[in-house]
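Please open the model in your viewer and keep the selection tool at hand. We will go from one selection to the next, pausing at each to say what is there.

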Amino acid sequence: MNIDSLHHNIEEKISNFMAKSHQLLVSVPAGSSPVWDIKCSFHSLIVLLIISLVAGVVYLTGESGRFLFEDNSNSNSNMGRGKENESSLSYSNNKCNLFSGRWAFDNKSYPLYKEKDCKFMSDQLACQKFGRKDLNYQHWRWQPHQCDIARFNATALLEKLRNKRLVFVGDSLNRGQWVSMVCLIDTAVQSSFKSMHYRYNASLIIFKVKDYNATIEFYWEPLLVESNSDDPVHHRLPERIVRANSIEKHGSRWTNADFIVFNSYLWWRRPHIKVLWSSFEKSDGIYKEVKMLRSYEMALKAWADWLEIHVNRTKTQLFFMSMSPVHERAEEWGKAKGENCYSEKELIQEEGYQGNGSDPKMMKIVESTMHELKHRGLNVQLLNITQLSEYRKDGHPSIYRKQWDSLTEEQIANPSSYADCIHWCLPGVPDVWNELLYAYFFNKY
């Protein structure tokens, strides 16, 4: 019952009580004795005391209700990022959209770790190590419009992962998010019992924290289903081929994990994908060029069917990261045509900006697949990191990373020609993705 209803009920009872008391007083018989007068006075006094007491209750109830709401208001206004011991999301209402917000410059609490302090940092993402001087890209935090995100707490996360597996499944962007998660934990937990292990020709990389018997893993699976790009090292081939209905080879390696984070987008970015109905070992397989969106839909269906049948719904939590945008066309944010993210140091300020490097049609297929799975009783949480990442044209490695191949004279003369505007520097944007993932680990939406 709310406060207003309570007031109404009490006031109604007071009115009824006063009416009955009035009837009692006015019904005194004429010529009554002094004893009756004393009784009437005594009854009147009791009535007045009870009325005063009830009126006081009404007043205090109203005041306590007012104080209750004032305390909640103050509590909400004081929510902040500095509560390191909190392992949950702070928010001002129960329906906060974590993905709608702005980037706030914060050089006091960010970055969450230093690049040089992470023993497992990837040279593909270590921009400072490879010569980047402007480090402002490390000092931005994501601020949702209606709430605050609790600061990442590595110890709290490891407690949640005690005796469990967290697996990132996908392409090199998901691997970057995995490296971010490893660095967030490695730099925060002072333990000598941390190690890296490799399985299945390095398709599976396992970071283990022995004290917690917890593993944070990455599995190379860029197209979700079996493909000719499944080798984690030698996968750059002239044409891309998928076995659209085959996922068991991959699925058997991560299905029993406790937390699984999927992504699949970058490797589909071409007009057509060649689909194989057979195995790669057989010479009589049927190949057909299929439009990208249709082949993507086929792959997601096979992935969803596997999850529905094989995942333990009482054990495993599933997540899917939306597409990570690229910044390869500077004309999209008002710069010269032919340029890209090279030398970019500022964020895109236009609210709701969306470049052509993101494909909403692909995300519609993902959303539709998630919706269908929910109808089948399996929940996959979609983390929409696309829009918040769209603003960060400053956050890519550009030329500041290890170059696996020798640069030509033409490339050296034109640095933007070999700038990496797809992946992300660390510390940087993927750390925020993991803060959002952390929020979902500790809060059910």
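A residue is called buried when its relative accessible area is under 20%, so Cys147, with a relative accessible area of 6%, counts as buried in this predicted model.

Keep Cys147 selected and add Cys96, which is joined to Cys147 by a disulfide with an S to S distance of 2.0 Å. This pair links distant parts of the chain, since Cys96 sits in the loop between strand 1 (90-91) and strand 2 (101-105), while Cys147 belongs to strand 4 (residues 147-148), 51 residues apart. Cys96 also counts as buried, at 8% relative accessibility, and the link of Cys96 and Cys147 is left-handed, with -55° about the S-S bond.

How many disulfides does the structure hold? There are 4, and another to select is the pair Cys341 and Cys421, whose S to S distance is 2.1 Å. Cys341 lies in the loop between strand 13 (317-321) and helix 7 (360-375), and Cys421 in the loop between helix 9 and helix 10, so the disulfide ties together parts that are 80 residues apart in sequence. The torsion about the S-S bond of Cys341 and Cys421 is about -90°, so this disulfide is left-handed.

Now select helix 4 (residues 172-186), where 15 residues at 1.5 Å a residue should span 21 Å, which agrees with the 20 Å between the end C-alpha atoms. Helix 4 is mostly covered, as 14 of its 15 residues are buried. At its start, look for Asp171, where a side-chain oxygen reaches to within 3.0 Å of the backbone nitrogen of Leu173.

Terms used: Residues numbered from 1 in each chain as written. Predicted model: local features only at pLDDT ≥ 70, side-chain atom pairs only at ≥ 80, totals over all residues. Heavy atoms only, no water. Helix = DSSP H or I, 4+ residues; strand = E, 2+ residues; numbered from the N terminus. Expected span 1.5 Å × (residues − 1). Buried < 20%, exposed > 50% of the residue type's maximum accessible area, 1.4 Å probe, protein only. Polar contact = N/O pair within 3.5 Å; in protein donor to acceptor, adjacent residues only side chain to side chain. Disulfide = S-S within 2.5 Å.
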